[in-house]
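Here are my notebook entries from a friendly wander through this model. I kept them short, one topic at a time.

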Amino acid sequence: MMREYLLAPILQHYARRQAKNLTFSECDDSVEKTISSNESKHAALPLYVHIPFCKSLCPFCSFNRYLFKEAEVKTYYSHLNAELGFYAEKGYRFDSIHVGGGTPTVRTDMLASFIDKAKSLFDLAIIDVESTPNEITDENIRTLKSAGVNRLSIGVESFDDAILKDMGRPRYKGVDALEKIKMAKGKFNTVGMDLIYGFPSQSAESISNDLGLFKSSGADQITLYPLMPGPNKNTAIERRFQKTALKSRSVKKRKFFYDLVRKNLLDSGYLQLSAWCFSKNRDDVEEYINHSGEYVGIGSSSISLLNDIAYINTFSIRKYGERLSKNRLPTARYKRLDRKEYLLYNLLSSLFGMRISDYSRKDYRIMKNELLLLDLAGIIEKKDGGFRVTDRGAFYASILMEEFLSALNGVRETCIAQQV
Ligand code: SF4
């Protein structure tokens, strides 16, 4: 079987090439017409909602996010409601909503009103919201709970104060983050937390300590994100992070940390729901990131996938508002995927979700070389009428997604800089 340190660069190159091939064109009216016609009368889909505001901006972050300004947030929600209403009017149905950002809980009262509106339009089984330790208060928990939020994910990133400082996130102490999780625990069906690993200053001891604190916190789920570079960072502090992220990207080091966290959590009885997510409960859902079918994203910079079109909303808050004020969709870029491109995207998400459903004969013919190679490399194996990712394959599923998202970070940063 091919050695890790040979296989990893081949897969990295492949993922980067796929991301590079995703060249988007400027939207024309045909995109809006296709979305408006909702020809296929979709089954219920997942809905992603982007709230692009944060109380302070972390230098390692490549998401579309802007410094919180009260008035802007209020206006943004009125436009978000208009975009949501558009999809309802065209007959789209959503059964789950994932609110990310940014920090969706910068104004929890406005978020709750938005969720109320979404509930009045759609039958939502899952209402999932991201937050940060600073926004977890008794009052916010009550507001989110009474709005019907049933999954809360808290971006802790680390419990280690020195690492938090290195991350440019010294706004809370590890001990406070732990208290916030304990405060939220039991109030929602699932309370999850995020940790980032791979900072050069992070040791095996520090990450093991973080995992120990996660287990003691009583949180139901943990998602471990590798530190990912953003190649087009602008400010000096951001560029320092870019260098930091690149320094810690040797395959050997990434595998060491990945194996460490995976073994630690599996040995403690956690189940692996995706390459990065572990939970005590098999029925827990992972974040929308491993959803491999169609979905709609609303809000500035959100990405959607409908039929064979992937399209992105404008990254500019101003343009977002202007378009919706004129009763136009805020779409900015799109790409029509051919069947092979669609199946490759689907394969990446499925590998990340650790399970690949069976293919139709026609699709299998299109994908047989990729599946054969993954099988020969010991990354997947046949199981129950489909394929599953092997123990050996988990790390490779992780680096494939990491490379793809890192490349996407670059696209995002360019779009933010140019206010596409
Ligand atoms: S990491 Fe989270 S809190 Fe920090 S800037 Fe990005 S979205 Fe905002």
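Before I start on the helices, a cut-off: I call a residue buried if 20 or more other C-beta atoms lie within 10 Å of its own, with C-beta atoms placed from the backbone. I also keep in mind that this is a predicted model.

**Entry 1, helix α13.** How many of the 16 residues of α13 are buried? I found a count of one, so α13 is hardly covered. I then followed the axis of α13, which spans residues 361-376, and came upon a kink of about 65° centred on Met367. Just after α13 I noted Gly378, which takes a positive phi of about 75°.

**Entry 2, the ligand shell.** Next I looked up what surrounds the ligand. On the list are Cys54, Leu57, Cys58, Cys61, Phe63 and Arg65, and further along the chain Gly101, Gly102, Thr103, Thr132 and Gly155. I sorted this shell by residue type and got five nonpolar, five polar and one charged.

**Entry 3, a cis peptide.** Two of the names around the ligand, Gly101 and Gly102, made me check the backbone there. The peptide bond from Gly101 to Gly102 is cis, with omega near 25°. I placed Gly102 in the loop that runs between β5 (94-101) and α4 (108-121).

**Entry 4, two helix pairs.** I describe two packed helices by the angle between their axes and the distance between the axes. For α8 (residues 204-217) and α10 (residues 251-267), I read an angle of about 30° and axes 11 Å apart. That makes α8 roughly parallel to α10, and α8 passes α10 in a right-handed crossing.

My second pair was α12 (residues 339-352) with α14 (residues 391-418). Here the angle is about 130°, and the axes lie 8 Å apart. α12 and α14 are therefore oblique to each other. The crossing of α12 past α14 is left-handed.

**Entry 5, positive phi without glycine.** I went on to Met354, in the loop between α12 and β16 (355-356). Its phi is near 70°, a positive value in a residue other than glycine. Is Met354 buried or exposed? Met354 counts as buried because it has 20 C-beta neighbours inside 10 Å.

Gln419 is not a glycine either, yet I found a positive phi of about 45° there. Gln419 sits in the segment after α14. I wrote Gln419 down as exposed, because 12 other C-beta atoms lie within 10 Å.

Definitions and conventions
Residues numbered from 1 in each chain as written. Predicted model: local features only at pLDDT ≥ 70, side-chain atom pairs only at ≥ 80, totals over all residues. Near = placed C-beta within 6 Å. Nonpolar A, V, L, I, M, F, W, Y, C, P; charged D, E, K, R; others polar. Bend = angle between axes of the 7 residues up to and from the residue. Helix = DSSP H or I, 4+ residues; strand = E, 2+ residues; numbered from the N terminus. Axes fitted to C-alpha atoms, helices over the stretch in contact; angles between N-to-C directions. Parallel < 35°, antiparallel > 145°, perpendicular 65-115°, else oblique. Left-handed = near helix turned anticlockwise from the far one by under 90°.
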